[in-house]
Amino acid sequence: AHNNLGVMFFKKNKLVEAEAAYVRAIELQPNFTDAYSNLGGVLIQMGRMSEADSNCRQAISLDSQHRGAWTNLAKSLKAQNKTGKAAECYRKVIELNNKSAEAHNSLGVLLNQLRNTKEAAISFRKAIEINPTYAEALCNLGAVMKGLGEFDTAEHFLTRAIKSDPNYAEAHNNLGSLYYEIGRLKDCLLYTSDAADERSSV
């Protein structure tokens, strides 16, 4: 009951109340894996990363197959700029559920930060295979392809990202930047102004 109450508070962004509910759930049931993982998620939102790590690791010690705990641990490590360790956690999430487009995309972002561009592209492609309209993964792959100088491929994926989410400012901006690099200045102005419009409307 207390864990469910915590979930309800978390969805309403009532983080202090959610934390109290999860703590109470753990007091009543010290081996409550979901409560530890959920508490870790709340603590991440509150910026208390060390405590988040501890709770996620406790959940994993109770159930090494708990995808939510591995995902929250990855998010906490990423927020602490522990990019390599965060990537290892997302690899574990994928090992447990290879059909998670979000996990493949998140791993791709981290691999790109680690300058492992080709593996990042593979991760983004896997995310898109699972969810062909996943705008963030489409945009990320387009940006990677642009960085590799594969402009036609980059244009393809960035255009798909905008089709999937017409309000995605980053995709508009990346496509505008691509057009600038290849000398299509009219298209550049169109998409960079679209990006500015989308940002101003947020």
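# Close-up views of an all-helix predicted model

Of the 202 residues in the protein chain, 45% are buried, and the model from which this value was computed is a predicted one.

**View 1. The whole chain, with twelve helices and zero strands.** Followed along the sequence, the chain shows the pattern α-α-α-α-α-α-α-α-α-α-α-α, and its C-alpha trace spans about 65 × 35 × 25 Å along the principal axes. Among the contacts with a separation of 6 or more, 43% are made by residues that stand 24 or more positions apart.

**View 2. The packing of helix 9 against helix 11.** Helix 9, which covers residues 135-147, packs against helix 11, which covers residues 169-181, at an angle of about 20°, and the two axes are 10 Å apart. Because angles under 35 degrees count as roughly parallel, this angle makes helix 9 roughly parallel to helix 11. The crossing in which helix 9 passes helix 11 is left-handed. From helix 9, the residues Cys-139, Ala-143 and Lys-146 take part in the contact, and they meet Glu-170, Ala-171, Asn-174, Ser-177, Leu-178 and Glu-181 from helix 11. Sorted by character, the residues of this contact between helix 9 and helix 11 comprise four that are nonpolar, two that are polar and three that are charged.

**View 3. The salt bridge between Glu-19 and Arg-48.** The whole structure holds eight salt bridges, and in the one shown here the closest N and O atoms of Glu-19 and Arg-48 are 2.9 Å apart. Glu-19 sits in helix 2 (residues 15-28), whereas Arg-48 sits in the loop between helix 3 (33-45) and helix 4 (49-62), so that the pair links distant parts of the chain, 29 residues apart. Glu-19 has a relative accessible area of 16% and is therefore buried, since buried means under 20%. Arg-48, with a relative accessible area of 26%, is partly exposed. The view can be widened to take in Glu-51, as Glu-19, Arg-48 and Glu-51 are linked in a network of salt bridges.

**View 4. The salt bridge between Glu-119 and Arg-91.** In this pair the closest N and O atoms are 3.3 Å apart. Because Glu-119 lies in helix 8 (residues 117-130) and Arg-91 lies in helix 6 (residues 83-96), the salt bridge ties together parts of the chain that are 28 residues apart in sequence. Glu-119 counts as partly exposed, at 34% relative accessibility, and Arg-91 also counts as partly exposed, at 40%.

**View 5. The salt bridge between Glu-155 and Arg-184.** Here the closest N and O atoms are 3.4 Å apart. Glu-155 belongs to helix 10 (residues 151-164) and Arg-184 to the loop between helix 11 and helix 12 (185-201), and the pair therefore ties together parts that are 29 residues apart in sequence. The relative accessible area of Arg-184 is 33%, which means that Arg-184 is partly exposed.

**View 6. The surroundings of Leu-62 in helix 4.** With a relative accessibility of 33%, Leu-62 counts as partly exposed. When its neighbours within four places in sequence are left aside, Leu-62 is in contact with Pro-30, Asn-31, Thr-33 and Tyr-36. As a guide to distance, Leu-62 and Ala-20 are 42 residues apart in sequence, and their C-alpha atoms are 21 Å apart in space.

Note on methods:
Residues are numbered from 1 along each chain as its sequence is written. This is a predicted model: local features need pLDDT of at least 70, side-chain atom pairs count only at pLDDT 80 or more; totals for chains, interfaces and linings use all residues. Side-chain values use heavy atoms; hydrogens and water are left out. Axes are lines fitted to C-alpha atoms, for helices over the stretch in contact, and angles run from 0 to 180 degrees between N-to-C directions. Helices (H or I, at least four residues) and strands (E, at least two) are DSSP runs, numbered from the N terminus. Angles under 35 degrees count as roughly parallel, over 145 as roughly antiparallel, 65 to 115 as roughly perpendicular and the rest as oblique. A crossing is left-handed if the near helix is turned anticlockwise from the far one by less than a right angle, and right-handed if clockwise. Contact means heavy atoms within 4.5 Å. Ala, Val, Leu, Ile, Met, Phe, Trp, Tyr, Cys and Pro count as nonpolar, Asp, Glu, Lys and Arg as charged, and the others, Gly among them, as polar. A salt bridge is a side-chain nitrogen of Lys or Arg within 4 Å of a carboxyl oxygen of Asp or Glu. Buried means under 20% relative accessible area, exposed over 50%, partly exposed in between (1.4 Å probe, protein chains only).
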